Amino acid sequence: MLDQCHSTTKGEKKMPSKAELASAKRVLQTAGRGQPQVWRSLDEVADTLDFRDFVEREFPASASELLSGSRRAFLQLMGATVALAGAATIPGCRRPEQKILPFSKNVPEEIIPGKPLFYATSMSRVGGGAEGLLVETHEGRPTKIEGNPLHPANQGKSSLWSQAHVLGLY
């Protein structure tokens, strides 16, 4: 593969000849007369053969074919590509939609509005293991989490993670 950076050629860097330096000096002396001239580098001022080769190899073959259409066509193509890439990933990122509906005609027997129900459960700990929990619910929605006093690991204490987990349930 060809090295495209002209400053990292293999071996010794070739110094410009006296003729090339003289022509560059002439160009610099005449630059102030008339139209201002601008260069990107000293190599461009010297205009060596190595620099000309680098400029010709700067872009890969067929790179100019991308610009054959209009800017508008290019932006339309890129916009469509981004839209299709985004549309392909959106369904996989969404959680399934679930509707929360209040009890209507068929209310379960154990649910009495205003009276909480308690459930014993457990939650995995960050460092490993599990902690026992008591969860208070009102009309089927968890409202408070406490440690289970009968659980041998936490003996009635709850961690910050379990307290914050109530917010994750909504």
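Two strands are taken to pair if DSSP finds at least two bridges between them. Strands are DSSP runs of E with at least two residues, and helices are runs of H or I with at least four, numbered from the N terminus. In this predicted model, local features need pLDDT of at least 70, side-chain atom pairs count only at pLDDT 80 or more, and totals for chains, interfaces and linings use all residues. Residues are numbered from 1 along each chain as its sequence is written, and side-chain values use heavy atoms, with hydrogens and water left out.

Strand β2 (residues 130-138) runs antiparallel to β3, and six bridges join them. Leu133 stands opposite Gly147 of β3. An open sheet of three strands results, ordered β1-β2-β3 with antiparallel pairing. Its edge strands are β1 (117-124) and β3, each paired on one side only. From one strand to the next, the twist averages 35° (axes are lines fitted to C-alpha atoms; angles run from 0 to 180 degrees between N-to-C directions).

The loop between β3 (141-147) and α5 (160-169) holds Asn154. Asn154 is buried (under 20% relative accessible area, 1.4 Å probe, protein chains only), at 7%. A polar atom of its side chain lies 2.7 Å from the backbone oxygen of Lys157. Asn154 touches (heavy atoms within 4.5 Å) Arg125, Glu131, Gly132, Gly147 and Asn148, not counting residues up to four places away in sequence.

Gln155 is placed in the loop between β3 and α5. Gln155 is exposed (over 50%), with a relative accessibility of 58%. Its phi is positive, about 45°, although Gln155 is not a glycine.

Definitions and conventions. A polar contact is a pair of N or O atoms within 3.5 Å; within protein, one must be able to donate a hydrogen and the other to accept it, and residues adjacent in sequence count only if both atoms are side-chain atoms.
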